[in-house]
Structures are given as C-alpha cells and as structure tokens.
Amino acid sequence: MKFFIDTANLDQIREAQDLGVLDGVTTNPSLMAKEGITGRENILKHYVDICNIVDGDVSAEVIATDFEGIIKEGKELAALHEQIVVKVPMIKEGVKAIKYFADNGIKTNCTLVFSAGQALLAAKAGATYVSPFIGRLDDISTDGLNLIAEIRLIYDNYGFDTQILAASVRHTMHVLECAKIGSDVMTGPLSSIEGLLKHPLTDIGLEKFLADYRKGN
Ligand code: G3P
C-alpha cells in the first residue's frame, strides 16, 4: 500500500519523507490556498519544490473545466517535472481529457469521485489513479469505506490497472480500514500516518526496558 501525504505544506512533506515511508504527495487548490500559495508562477514553482523533496508521484490539479483548457494546463503541469501526475476532476470534459492524457503517456489522478460509477468511468478512460473522497462521504452520513470496497470489487472483476487512491482520509482508522479493503494508495494528513505508531503498551514496555537497563548499568 502506498502512503501519500495530502498537503502543500513543505515542512510536513519533509517530515513525512524523513520518516522513510512516503510514496508521494497529493495537493488541491484548497491546500495550496491554505499555505498562501497564490498566482500561477508561485503555484508552479511550489509543485517543483514538492517534487524536489519526495521521490514519488505528486498530484497537481488543473483549474480549467473545458477539454481544451484541461489539456493545455495538464501538459504545462506534466512538463514541470517527471513526478507530476495531472489531477483532473470527474466531469464529462475531465473524462475526455483523462483518455487523451492516457493515450499520450501523461499520468492522471481523477479527483472528486464519490460513486462506484464514477470510478468505473475513470478506469475506462485510463486514469492512473482514482480518488474517492471517503471523509467527505462520511461527513454526509454515507459510508466512505464502503465505496473503496465497491471500487476494489469492480476493478478486480475486470483487472483494471487504475490504482485506488483513498482520499479525504481524516484519521488513522481510515488508513487501517483502507489497507484491509485493499486500497492501492491512501492520502491523508501527517497525523493519520503518525497515528499508526502509537500504542500505550509500546511506551510502557520501552520505559520498563530502559529502566531495567539503567538498574544494571
Ligand atoms: O485529497 C482530497 C482531500 O484533500 C480532501 O480532503 O479533508 O478536504 O475532505 P478533505
């Protein structure tokens, strides 16, 4: 299972990279705005800065919503760095663009996916990743993890290559449940990854080991 971090914060990306378990980064316009990154040039530079920190795929989202605009913007993003994956929304023009990018060797992440039908369409178009937003489904009393399970079943039925990238992950249990279901990737905040570390028996056990060592040394 790949671990991506869902942020545009360079310090957090560095921290996750230093942990040695990071496989990539996802961003979106809201996360960029949260870091105060505005203006086309600054945004493009920020993507390159992220690519220079991590080894894996970095999703960069298009703003255009028409086919020509998505293609133009996607090509510009893809040309920034070999690690860039063009993030395209699940809209009709987006599906057409994903097909175009797939035919032209450009990796894509189909975003804003909230149903199994949308995920099926993304896979048919040749998306590299599909991003079902599980936290936002939970927010409206719909089981986000069930969507991951549905997509896993459908993709396995037909051997689709599209990787399931569980997005809008909010906490560590989301990460664990996605792992059990067989999501290929999860993207979440640093806290959702660091939460995997924690167990009180580990802390108690370590404290005792060190105390016993100190007694004899
Ligand atoms: O990857 C999508 C993600 O950024 C959305 O997360 O927490 O805003 O629903 P959230």
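So, the ligand: in this predicted model, the ligand sits in the largest pocket. Who's around the ligand? The residues surrounding the ligand are Asp6, Asn28, Leu31, Phe133, Arg136, Ala167, Ser168 and Arg170.

Let's go through some polar pairs. Asp6 has a polar side-chain atom 2.6 Å from an oxygen of the ligand. For Ser168, a polar side-chain atom is 2.7 Å from a ligand oxygen. And with Asn28, the distance from a polar side-chain atom to an oxygen atom of the ligand is 2.8 Å. How much of the ligand does the protein bury? On its own the ligand would expose 310 Å², and the protein buries 82% of that.

Stay with Ser168 for a moment. You'll find Ser168 in the loop between β7, which is 163-166, and α9. Is Ser168 buried or exposed? Its relative accessibility is 10%, and the cut-off for buried is under 20%, so Ser168 counts as buried. Now look at the backbone there: Ser168 has a positive phi, about 60 degrees, and it isn't a glycine. As a reminder, most residues other than glycine have a negative phi.

There's another serine to put beside that one. Ser141 also isn't a glycine, and its phi is positive, near 60 degrees. Where is Ser141? In the loop between α7 (134-139) and α8 (144-158). Ser141 has a relative accessible area of 73%, so Ser141 is exposed. So that's a buried serine in the Ser168 case, and an exposed one in the Ser141 case.

Two further serines while we're at it. Ser59 is in strand β3, residues 57-61. Ser59 comes out at 1% relative accessibility, so Ser59 counts as buried. What does the Ser59 side chain contact? There's a polar contact of 3.1 Å between the side chains of Ser59 and Asn109.

Then Ser183, which is in the loop between α9 (172-181) and β8 (185-188). Being in a loop, is Ser183 buried or exposed? At 4% relative accessibility, Ser183 is counted as buried. If you want a feel for distances, take Ser183 and Met32: they're 151 residues apart along the chain, and their C-alpha atoms are separated by 26 Å.

Now for some helices, starting with α1, residues 10-19, where Ile13 is placed. Ile13 has 0% relative accessibility, so Ile13 is buried. How far is Ile13 from Val54? They're 41 residues apart along the chain, and the C-alpha atoms are separated by 7.7 Å.

Next, α4, residues 67-80, which holds Ala78. Ala78 has a relative accessible area of 22%; buried needs under 20% and exposed needs over 50%, so Ala78 is partly exposed. From Ala78 to Phe101 it's 23 residues in sequence and 10.0 Å in space, C-alpha to C-alpha.

Over in helix α8 we have Glu150. With a relative accessible area of 37%, Glu150 is partly exposed too. Put Glu150 together with Val58, and you've got residues 92 apart along the chain with C-alpha atoms separated by 26 Å.

Last one on my list is helix α11, residues 200-216. Helix α11 has 17 residues and reaches 25 Å from its first C-alpha to its last, where 24 Å is expected at 1.5 Å a residue, so the two values are close. How many of the residues of α11 are buried? The number is 0 out of 17, so α11 lies largely in the open.

So if you've got the model open, here's where I'd point the pictures. Begin at the largest pocket with the ligand in it, and pick out Asp6, Asn28 and Ser168 with their polar atoms by ligand oxygens. Then swing over to β3 for Ser59 and its side-chain contact with Asn109. And finish on α11, out in the open. That's me done, over to you.

Terms used: Residues are numbered from 1 along each chain as its sequence is written. This is a predicted model: local features need pLDDT of at least 70, side-chain atom pairs count only at pLDDT 80 or more; totals for chains, interfaces and linings use all residues. Side-chain values use heavy atoms; hydrogens and water are left out. Helices (H or I, at least four residues) and strands (E, at least two) are DSSP runs, numbered from the N terminus. Buried means under 20% relative accessible area, exposed over 50%, partly exposed in between (1.4 Å probe, protein chains only). A residue is near a molecule or strand if one of its heavy atoms lies within 4 Å of it. A polar contact is a pair of N or O atoms within 3.5 Å; within protein, one must be able to donate a hydrogen and the other to accept it, and residues adjacent in sequence count only if both atoms are side-chain atoms. Accessible areas come from the Shrake-Rupley method with a 1.4 Å probe; for residues, only the protein chains shown count as cover. On a 1 Å grid over the protein atoms alone, a cavity is a set of points where a 1.4 Å probe fits but cannot get out, and a pocket is an open set with protein on both sides within 12 Å along at least five of seven lines; lining residues have an atom within 4 Å of a point. A molecule sits in a cavity or pocket if more than half of its atoms lie within 2 Å of its grid points.
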